[in-house]
Amino acid sequence: MTRLPAHLEVSGLIRLVESQGGTAVVLAKGERDAGTILIVTMCRGEDVRLFERMPQMDGTRPFLATKSQDLEKPEEFSEYLDRRRRQDPDIWIVEVDIANAERFVELLPR
């Protein structure tokens, strides 16, 4: 199965967010065609979570929650994203502020 170039997937993601009444901002622009995409979700700036693709045994690649912001130590979340960017300069990070982030992420292609 051919993979959609990362820049097109990010563009489609942003349009989908906006069509659902949310906002999206690209925090890190990665490799145009094959960069990994991370999605930081929140609702009105709260309940911050990180979703990334996780390959499954059946060949699908759904976005799964891999990290949540600790309310006691919110800076750790930003530090984690900074580390990921240093480790992989090809990574895309898209911040999404939308109601019902879990439902939104389930709409995304696998």
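Contact between two residues here means heavy atoms within 4.5 Å of one another. The legends below describe close-up views of a predicted model.

**View 1. Ala101 in helix 3 and its contacts.** Ala101 belongs to helix 3. At 8% relative accessibility, Ala101 counts as buried, because buried means under 20%. Apart from neighbours within four places in sequence, Ala101 is in contact with Thr41 and Arg49. Thr36 lies 65 residues from Ala101 along the chain, and the C-alpha atoms of the two are separated by 20 Å.

**View 2. The buried side of helix 1.** Helix 1 comprises 14 residues, which should span 20 Å at 1.5 Å a residue; the C-alpha atoms at its ends are 20 Å apart, in agreement with that expectation. Buried in helix 1 are Ala6, His7, Glu9, Val10, Leu13, Ile14 and Val17. These residues lie on the same side of helix 1, because they cover an arc of only 160° around the axis. An α-helix has 3.6 residues a turn, so residues three or four places apart point the same way. The face of helix 1 turned away from the buried side carries the exposed residues Arg15 and Ser19.

**View 3. The surroundings of helix 1.** The buried residues of helix 1 pack against strand 1 (23-28), strand 2, strand 3 (46-53), strand 4 (63-68) and strand 5 (92-97), and also against helix 3 (101-107). After helix 1 comes Gly21, with a positive phi near 90°.

**View 4. The largest pocket and its lining.** The space in the largest pocket amounts to about 370 Å³. Its lining consists of 19 residues, of which Glu9, Arg53, Arg61, Pro109 and Arg110 are the closest to the centre of the pocket. By class, the lining residues divide into 11 nonpolar, three polar and five charged. Helix 1 (6-19) and strand 2 (37-43) each supply at least two residues of the lining. The largest share, five residues, comes from helix 1.

**View 5. Pro109 at the largest pocket.** Pro109 is placed in the segment after helix 3. Its relative accessible area is 57%, and Pro109 is therefore exposed, the cut-off being over 50%. Not counting residues up to four places away in sequence, Pro109 touches Arg53 and Arg61. Although Pro109 and Arg61 are 48 residues apart along the chain, their C-alpha atoms are separated by 8.3 Å. Pro109, Arg53 and Arg61 are among the residues closest to the centre of the largest pocket.

**View 6. Helix 2 and its covering strands.** Helix 2 (residues 75-87) has 13 residues and extends 18 Å from first to last C-alpha, close to the 18 Å expected at 1.5 Å a residue. Phe77, Tyr80, Leu81 and Arg84 are the buried residues of helix 2. They lie on the same side of helix 2, because they cover an arc of only 95° around the axis. Strand 2, strand 3, strand 4 and strand 5 are included in what covers these buried residues. Helix 2 also contains Gln87, which counts as exposed because its relative accessibility is 61%. The C-alpha atoms of Gln87 and Gln56 are 23 Å apart in space, with their positions 31 residues apart in sequence.

**View 7. Glu52, a buried charged residue in strand 3.** Glu52 is located in strand 3. With a relative accessibility of 9%, Glu52 counts as buried. Leaving aside neighbours within four places in sequence, Glu52 is in contact with Ile37, Leu38, Pro62, Phe63, Leu64, Thr66, Tyr80 and Arg84. Among these partners, Tyr80 and Arg84 are buried residues of helix 2. Glu18 is 34 residues from Glu52 along the chain, and their C-alpha atoms are separated by 20 Å.

**View 8. Positive phi at Asp47 and Asn100.** Most residues other than glycine have a negative phi. Asp47, a residue of strand 3, has a positive phi near 55°. For Asn100, phi is likewise positive, near 55°. Asn100 lies in the loop between strand 5 and helix 3. At 45% relative accessibility, Asn100 counts as partly exposed.

Definitions and conventions: Residues are numbered from 1 along each chain as its sequence is written. This is a predicted model: local features need pLDDT of at least 70, side-chain atom pairs count only at pLDDT 80 or more; totals for chains, interfaces and linings use all residues. Side-chain values use heavy atoms; hydrogens and water are left out. On a 1 Å grid over the protein atoms alone, a cavity is a set of points where a 1.4 Å probe fits but cannot get out, and a pocket is an open set with protein on both sides within 12 Å along at least five of seven lines; lining residues have an atom within 4 Å of a point. Grid points are joined across faces, edges and corners, and a volume is the space filled by probe spheres set on the points. Helices (H or I, at least four residues) and strands (E, at least two) are DSSP runs, numbered from the N terminus. The expected span of a helix is 1.5 Å times one less than its number of residues. Buried means under 20% relative accessible area, exposed over 50%, partly exposed in between (1.4 Å probe, protein chains only). The arc is that of the directions from the helix axis to the C-beta atoms.
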